[in-house]
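Welcome! Here are a few short exercises, each with a worked solution, to help you find your way around. Have a look at the model, then try each task before reading on.

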Amino acid sequence: MRGSISLLAIAALVTSSLAGAYYYIDNKADTQAQQTLSQLIDDAKSEGVQLTYNTVDASPLFRSVSISGFEIKGHAEEPDILLGNVNITGFNWQNLNQDDSKFPSSMSITIDNASLHLKPSMVKSDATIQALIDNFGEQVAFSSHFSYALDQDSGVLSISTTETLIDNFYLNSELTLGGANWLVELDTQSKEEPLSKMMSTTLNTFSITFKNHGVIEKIRAIAAKQTGQTQEHLTQESVTQIKQLQIVAERNWGPLFVPMIDELIKFTMKPEQLTIRINPEQAIDIDAIMLGMMGGDAALLELIKQARIEIKAN
């Protein structure tokens, strides 16, 4: 029994010691986060921009920093931006004092409960703002997410972004790059650019998905009011222009773009969802991309074929 009590006492002592150590580290991380934000606020103030926030919490256990009520107040001719909850993960708490200049192998930034405030005073400098306010309202809610992760064994860098404008649209992109191991050796404070290593990077896959939740109808409503035409007439006019583009593309470059443009027409007539994918059989290196962009129509066409671009509506 005495042995059991001794073990319990030791366990309690170790637990309390760890708790105390974590509290110390956590408190130090919070202090560094507050100092970093204070410096950011001072720098913005010198540029005529007012920044405020409610709370900041840095967690060394979860390698994250959370900020609530972060607000950017612009001038009378500029919108105000409220970032309700900002959560950044993927670095050690020591990074907060900027002593570590190495590129983190993974990171994510999530913004929730955010909004863009369009002020009536902005109309004085730009009359089109009134049309935006009439159709989108003075408060436009949004959320945002960005993340990346580098697999150091394979050298594959995966990047993901999601942008949501509440009651307007959803936009997601996924990108994978190969040969990105050079990022591990990248010093973010160094002025030297590892161009030779960057040239080994390849484009593996890319996709982007857009979901219309009302933004296209609002934009068409603004255009209809400005032109005096109906939304149906504007839609048909857009379809006609795309069909003309399809004829020119087929005449100059063959049938490659015909199915892609067919999907664009389908989306224009019924704007629900549009997905664009690049999924080459083999990863495309930087040299091939540069040659395609700078080598004229023939080289660009070959690059597009190699990329195997797919467009799908709805």
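**Exercise 1. Decide how helices α2 and α4 are oriented to each other.**

Please keep in mind that this is a predicted model. Start with the geometry: helix α2 (residues 128-136) and helix α4 (residues 215-227) pack at an angle of about 135 degrees, and their axes are 10 Å apart. Next, compare that angle with the cut-offs: 65 to 115 degrees would be roughly perpendicular and over 145 roughly antiparallel. The angle fits neither class, and therefore α2 and α4 are oblique to each other. As for handedness, the crossing of α2 and α4 is right-handed.

Now look at who makes the contact. From α2 come T128, A131, L132, D134, N135 and F136, while α4 supplies V215, K218, A221, I222, K225 and Q226. Sorted by character, the residues of this contact are six nonpolar, three polar and three charged.

**Exercise 2. Find where S68 sits, and work out whether S68 is buried or exposed.**

First locate S68: its place is in strand β3, which covers residues 64-73. Then check its relative accessibility, which is 19%. Buried means under 20%, so S68 counts as buried. Finally, list its neighbours: leaving aside residues up to four places away in sequence, S68 touches Y53, N54, T55, G84 and N85.

**Exercise 3. Describe the salt bridges that K119, K266 and R308 form.**

A reminder before you begin: side chains of opposite charge can pair when their charged atoms come close. The structure holds five salt bridges, and here are some of them.

- *K119 and D80.* The closest N and O atoms are 3.0 Å apart. K119 is in the loop between β5 (106-117) and α2, and D80 is in strand β4 (residues 80-89), so this pair ties together parts 39 residues apart in sequence. K119 is buried, with a relative accessible area of 11%, and D80 is buried at 11% as well.
- *K266 and E263.* Here the closest N and O atoms are 3.4 Å apart. Because K266 and E263 are three residues apart in helix α6 (residues 258-269), about one helical turn separates them. K266 is partly exposed at 37%, whereas E263 is buried at 12%.
- *R308 and E281.* Their side chains meet at 3.8 Å, N to O. R308 is in the loop between α8 and β12 and E281 in the loop between β10 and β11, so the bridge ties together parts 27 residues apart in sequence. R308 is partly exposed at 40%, and E281 is exposed at 69%.

Definitions and conventions. Residues numbered from 1 in each chain as written. Predicted model: local features only at pLDDT ≥ 70, side-chain atom pairs only at ≥ 80, totals over all residues. Heavy atoms only, no water. Helix = DSSP H or I, 4+ residues; strand = E, 2+ residues; numbered from the N terminus. Buried < 20%, exposed > 50% of the residue type's maximum accessible area, 1.4 Å probe, protein only. Contact = heavy atoms within 4.5 Å. Axes fitted to C-alpha atoms, helices over the stretch in contact; angles between N-to-C directions. Parallel < 35°, antiparallel > 145°, perpendicular 65-115°, else oblique. Left-handed = near helix turned anticlockwise from the far one by under 90°. Nonpolar A, V, L, I, M, F, W, Y, C, P; charged D, E, K, R; others polar. Salt bridge = Lys/Arg side-chain N within 4 Å of Asp/Glu carboxyl O.
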